Amino acid sequence: FAWARDGALSMNAYLQSKPSLAEAEQKMDSWIAWLERSQNQPDPNNINILTEPKYVIPEGTPYTGGWCRPQNDGPGLRAITAMAYAKAKPSVAQKAWGIIKQDLDWVAANYTSAGCDLWEEVKSDDFFWNRYTMRKALLQGADFAKSVGSDESRASTYKSVAGTITNLLEKHVQEDGYVFESQNRQRDAAVIEAFNVGDMGDGVFAPLSK
């Protein structure tokens, strides 16, 4: 099986781990092609295909057995990795933009929707993990929309929604400074995972800040 979240995170780590583009581009190109194929098909589980958590290999079709659906972190995580690859290999930027705007349009319109957590155990509409990684995807996406897509309208929308999410993130801080994951699951390592993946170096929940 292929998991949307794990695939995006793994391919990002793979890209970063290679000392040269030449060592990464074959697998990265295959991953981009996989996204194009898997994200543009009817969904058999009556949810948005972009929020499917799990796909069958090699067919590339969504898994239809019982699972915790939807999982809303996939679109933002995919966009982050696709943008990183487009930066490393500008010749794929336009192709990547077609995927990225599909994912980020969904994030911008649905960031408040309920879904499953990254451990696939509980549902909520206020996961810190989702919000923090979505914020990064939208802020990077705003720049990408302008520089690659020449799309000022999307750039403005992405930036505006990212600002709204930034304000929502402040609500995750308790009086003692503890950052909780969600109202229905406050103590969760997903918060640490979010710091590792979503930090942009702009001081918003930087890993070493208080």
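**Exercise 1. Find which helix gives the most to the lining of the largest cavity, and describe that lining.**

*Solution.* Start with the helix: α5 (residues 128-147) contributes the most, with three residues. Keep in mind that this is a predicted model. Next, put a size on the space: the largest cavity has a volume of about 60 Å³. Now walk round its wall, where you'll meet Asn72, Tyr111, Ser113, Gly115, Ser124, Asp125, Asp126, Phe127, Asn130, Arg131 and Met134. Sort them by class and you get five polar, three charged and three nonpolar residues.

**Exercise 2. Work out how many cavities of 30 Å³ or more the structure holds, then describe the second largest.**

*Solution.* The count comes to two. The second largest has a volume of about 40 Å³. Its lining is made up of Ala4, Arg5, Glu52, Pro53, Gln71, Asp73 and Gly74. Split by class, that's three charged, two polar and two nonpolar residues.

**Exercise 3. Decide how helix α2 is oriented relative to helix α3, and say which residues meet.**

*Solution.* First, get the geometry: the axes of α2 (residues 21-38) and α3 (residues 74-88) come within 11 Å and cross at roughly 135 degrees. Angles over 145 would count as roughly antiparallel and 65 to 115 as roughly perpendicular, so α2 is oblique to α3. As for handedness, α2 passes α3 in a left-handed crossing.

Then pick out the contacts. From α2 come Leu21, Glu25, Met28, Asp29, Trp31, Ile32 and Leu35, and they meet Arg78, Thr81, Ala82, Tyr85 and Ala88 of α3. Tallied by class, this contact has eight nonpolar, three charged and one polar residue.

Methods:
Residues numbered from 1 in each chain as written. Predicted model: local features only at pLDDT ≥ 70, side-chain atom pairs only at ≥ 80, totals over all residues. Heavy atoms only, no water. Axes fitted to C-alpha atoms, helices over the stretch in contact; angles between N-to-C directions. Helix = DSSP H or I, 4+ residues; strand = E, 2+ residues; numbered from the N terminus. Parallel < 35°, antiparallel > 145°, perpendicular 65-115°, else oblique. Left-handed = near helix turned anticlockwise from the far one by under 90°. Contact = heavy atoms within 4.5 Å. Nonpolar A, V, L, I, M, F, W, Y, C, P; charged D, E, K, R; others polar. 1 Å grid on protein atoms, 1.4 Å probe; cavity = no way out; pocket = protein on both sides within 12 Å on 5 of 7 lines; lining within 4 Å. Points joined across faces, edges and corners; volume = space filled by probe spheres on them.
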